[in-house]
Amino acid sequence: MKSDCSTSAAPFRGLGGPLRSSEPVRAAPARSPAVDLLEEAADLLVVHLDFRAALETCERAWQSLANHALPEEPAGTSLEVKCSLCVVGIQALAEMDRWQEVLSWVLQYYQVPEKLPPKVLELCILLYSKMQEPRAVLDVVGAWLQDPANQDLPEYGALAEFHVQRVLLPLGCLSEAEELVVGSAAFGEERRLDVLQAIHTARQQQQQEHSGSEEAQKPNEEGSVSHKFLSLPMLVRQLWDSAVSHFFSLPFKKGLLAALILCLLVVRFDPASPSSLPFLYKLAQLFRWIRKAASSRLYQLRIRD
């Protein structure tokens, strides 16, 4: 019998020694159904690679947390379960190539960006920056970093630096990055200098790219201007040839009148001025010569036909 008593008491020694008859039996705390669903979702994700079922299980776990909250459960345990559910859900969405839905999926449970756990926010930054879409998390991370309640968290400094490296610098938001690093007490002096050096290097690279694009644009502008100047004489020549060919088809008096109008528009001389008389006389002689040459050419063509 003695051995039986010692054997029956053995499982309870971890609770503070042998159990006496006068002490009440301490029952184990009730386990939330969300914890079991979390384990099931992780198993579906890692072992079975059933990403859709893992995501659906995470959503069921969130619903369970909303409907069956245990009053005796520590607050920290619930926060850890919620964060772990988000991690599993994010990985499931990424595996299904539905990474664009990650941010909205997470925010439907936390409502506002300021309440996101640091680990979840870090995963969002990592995912969207890897997919070359860091702008999607720019406002969300900015709101989280500006919340005073988050600035006291031990993860704040690492997350702020991660935001600078993965979001602000790739987007070219150098002033915002510099303001964040200088104004935050979460950065140590050494880390602050390193990040500021990275911002300075990015600013120099940005200036070099800007100057290089301006230099590349100048030859294009010069080429377009020179092309305009080259095309202008060709256009004038085409107009002149068209006008001359039209003059040939007009009677002599009408052609002379059209030439005078053309000179008024192009040369802008005054036909009533005495200095214009020699020019008009030469112009009339020129048209008579053109008319004779055109007539002789037309006569020769008719003889050949």
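## Report on an all-helical predicted model

The structure holds five aromatic pairs; rings of Phe, Tyr and Trp (its six-membered ring) pair if their centres lie within 6.5 Å. The model is predicted, so local features need pLDDT of at least 70 and side-chain atom pairs count only at pLDDT 80 or more, while totals for chains, interfaces and linings use all residues. Residues are numbered from 1 along each chain as its sequence is written, and side-chain values use heavy atoms, with hydrogens and water left out.

### Aromatic pairs

A pair of aromatic rings is described by the distance of the centres and the angle of the planes. Planes under 30 degrees apart count as stacked, over 60 as edge-to-face and the rest as tilted. Two of the pairs are set out below.

| Pair | Centre to centre | Angle between planes | Type |
|---|---|---|---|
| Tryptophan 62 and tyrosine 110 | 5.6 Å | 80 degrees | edge-to-face |
| Tryptophan 144 and tyrosine 156 | 6.1 Å | 20 degrees | stacked |

The edge-to-face pair links distant parts of the chain, with tryptophan 62 in helix H3 (residues 51-67) and tyrosine 110 in helix H5 (residues 102-110), 48 residues apart. Tryptophan 62 and tyrosine 110 are both buried, where buried means under 20% relative accessible area, exposed means over 50%, and partly exposed lies in between (1.4 Å probe, protein chains only). The stacked pair also links distant parts of the chain: tryptophan 144 belongs to helix H7 (residues 138-146) and tyrosine 156 to helix H8, twelve residues apart. Tryptophan 144 is buried, as is tyrosine 156. In addition, ring pairs join Trp62, Trp105, Tyr109 and Tyr110 into a cluster.

### The chain as a whole

The protein chain has twelve helices and zero strands. Helices (H or I, at least four residues) and strands (E, at least two) are DSSP runs, numbered from the N terminus. Of the 305 residues in the protein chain, 30% are buried. Contact means heavy atoms within 4.5 Å. Among contacts between residues at least 6 apart in sequence, 58% join residues at least 24 apart.

### Packed helices

Two packed helices are described by the angle between their axes and the distance between the axes. Axes are lines fitted to C-alpha atoms, for helices over the stretch in contact, and angles run from 0 to 180 degrees between N-to-C directions. Angles under 35 degrees count as roughly parallel, over 145 as roughly antiparallel, 65 to 115 as roughly perpendicular and the rest as oblique.

Helix H2 (residues 33-46) packs against H3 at an angle of about 170 degrees, and their axes are 8 Å apart. H2 is therefore roughly antiparallel to H3. The residues in this contact include Leu37, Ala41 and Leu44 of H2 and Ala54, Cys58 and Ala61 of H3. By class, the contact of H2 with H3 has twelve nonpolar, two polar and two charged residues. Here Ala, Val, Leu, Ile, Met, Phe, Trp, Tyr, Cys and Pro count as nonpolar, Asp, Glu, Lys and Arg as charged, and the others, Gly among them, as polar.

The axes of helix H8 (residues 156-171) and helix H9 (residues 174-183) come within 10 Å and cross at roughly 170 degrees. H8 and H9 are thus roughly antiparallel to each other. Among the residues making the contact are Tyr156, Ala160 and Val164 of H8, together with Ala177, Leu180 and Val181 of H9. The contact of H8 with H9 has nine nonpolar, one polar and one charged residues.

### Helix H6

The 13 residues of helix H6 (residues 118-130) should span 18 Å at 1.5 Å a residue, and the end C-alpha atoms are 18 Å apart, which agrees; the expected span is 1.5 Å times one less than the number of residues. Buried residues of H6 include Val120, Leu121, Cys124 and Tyr128. Just after H6, glutamine 132 takes a positive phi of about 60 degrees.

### Individual residues

Serine 184 is found in the loop between H9 and H10 and counts as buried because its relative accessibility is 8%. Apart from neighbours within four places in sequence, serine 184 is in contact with Tyr156 and Arg192. Arginine 192 lies in helix H10 (residues 189-248) and, at 15% relative accessibility, counts as buried.

Two loop residues have a positive phi although neither is a glycine: leucine 49 at about 55 degrees and aspartate 97 at about 60 degrees. Leucine 49 lies in the loop between H2 and H3 and counts as exposed at 52% relative accessibility. Aspartate 97 is placed in the loop between helix H4 (75-95) and H5; at 55% relative accessibility, aspartate 97 counts as exposed.
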